[in-house]
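Reader: Hi! Could you walk me through a strand and a helix in this one?
Author: Happy to, let's put it on screen.

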Amino acid sequence: MAQFYSPKRRVTTRQNSPVLTLTVDNIDPFGQGVAHHNGKAIFVPGVLPGEQAEVQLTEEKNKFAKGRLKRLLSRSPQRVEPRCPHFGVCGGCQQQHADESLQQQSKAAALVRMIARETGVTPQQEPVIAGPQYGYRRRARLGLLWQPKQQRLVMGFRQAASSDLVPVTQCPVLHPELEQLLTPLRACLSALQVARRLGHVELVLADNGPVLVLRHLDALKEDDLQALQAFARTKNVTIYLAPDSDSLEKLCGETPYYQVDGLRLDFSPRDFIQVNDHVNQQMVAQALEWLSIQPNDRVLDLFCGMGNFTLPLARRAAAVVGIEGVATLVANGQYNAHKNRLNNASFFHENLEEDVEQQPWAAQGFDKVMLDPARAGAAGVMSHIVKLAPERVVYVSCNPTTLARDSKVLLSAGYRLARVRMLDMFPHTGHLESMALFINGSAPEVAAK
């Protein structure tokens, strides 16, 4: 999970804690201003580089301290007005007060510093892969809570560092088609007989329209089902019901899908898909270019999900093998390969944190390797990648710490880190995503574009 902060969050301050006048000289990937005092780093949410502020210390350690902003004494030209009225209370965004260039520069620089510190290799900074700063999220999960005293249903996101819900009527980072559903959806759910027994609602924007998943704790009566169906017809929404954490029942609407590289991928609304479609399209295209797929290549796609990379790779290679630990994603990958007439793509349901040497795919040979692991990285499979000795490896990462750790395995085996690009997958947040290209030995490097 990304680290969240809230500039307006109530902070318990030590008695007689000092108030310092500080000038912030940097910003960390989570949007916290970094100042220095008596040789110690002080982290101050809500203050940007170059700004001077009065800061009250809230926590002090041996090597660093934390503070809260009391008064801003000067303003950076890179400070902007947050577009969201809930910014500073909702835990979803941390950097709407910083302009786009500052957010991207600070994350990209942090990525380079971390890789250099951990591996000894300083990658060249390259243009950030980015899309729109607002209206980019095609997925959101909102909590639902019935307040008996007020006799109302609250629908919103979690407050920063709290389990409390922040009621939201707007969310500028949501795709407009989802944002415009917020107010009418809360009204619809509030009128249900089961309104007091709702858990949460998930919104997903497929290429063929919005999808809604409603988690309900009690069975829905016929009147409620009809009300939801009426809402679906009015708003052109597909609705799924989730009576428990494992079940999913389609009430009405079409099977959702999205497109990538000219392919259609059907998915279940609970399947993992990349939240930012604009960045995903560019990311897949960049991976295909870096891997430099040839018609005779055999490609291995680790942590492949439902085939976001696997199927585009299969359009270009002789054969692609996808490995994934979630059975439903494997099934959807197989289904979508068949639907797209890609007979050269095969999928295995395997746990890549176990002994991969004994898994059926491990004895096969591969020319190129693609991997997109979760935050924990790919420690369990890196040594086997080295044994496979592919010409190129593309590693997509949502955690620079594990990317740096896993990179050392390839570097020590003679690979060189040829390219690194930051992915601005989640603007205004502390998420730092990236992709890296490793080339074996003296193989030619891909020219930068």
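Author: We'll talk about one strand and its partners, then one helix. This is a predicted model, where local features need pLDDT of at least 70, side-chain atom pairs count only at pLDDT 80 or more, and totals for chains, interfaces and linings use all residues. Residues are numbered from 1 along each chain as its sequence is written, and side-chain values use heavy atoms, with hydrogens and water left out.

Reader: Cool. Is strand S12 buried or exposed?
Author: Buried, meaning under 20% relative accessible area with a 1.4 Å probe, protein chains only. That holds for five of the five residues of S12 (residues 238-242), so the strand is largely enclosed by the rest of the structure. Strands here are DSSP E runs of at least two residues, and helices are H or I runs of at least four.

Reader: Which way do the residues of S12 point?
Author: Thr238, Tyr240 and Ala242 go one way, while Ile239 and Leu241 go the other. In a regular strand, side chains alternate between the two faces of the sheet.

Reader: And which residue is Ile239 opposite in S13?
Author: Cys252. S13 (residues 249-252) runs antiparallel to S12, with three bridges joining them; strands pair if DSSP finds at least two bridges between them.

Reader: Switching to helix H5: how far apart are its end C-alpha atoms?
Author: They are 21 Å apart, which agrees with the span expected for 15 residues at 1.5 Å a residue. That expected span is 1.5 Å times one less than the number of residues.

Reader: What comes just after H5?
Author: Ser292, with a positive phi of about 50 degrees.

Notes: Buried means under 20% relative accessible area, exposed over 50%, partly exposed in between (1.4 Å probe, protein chains only).
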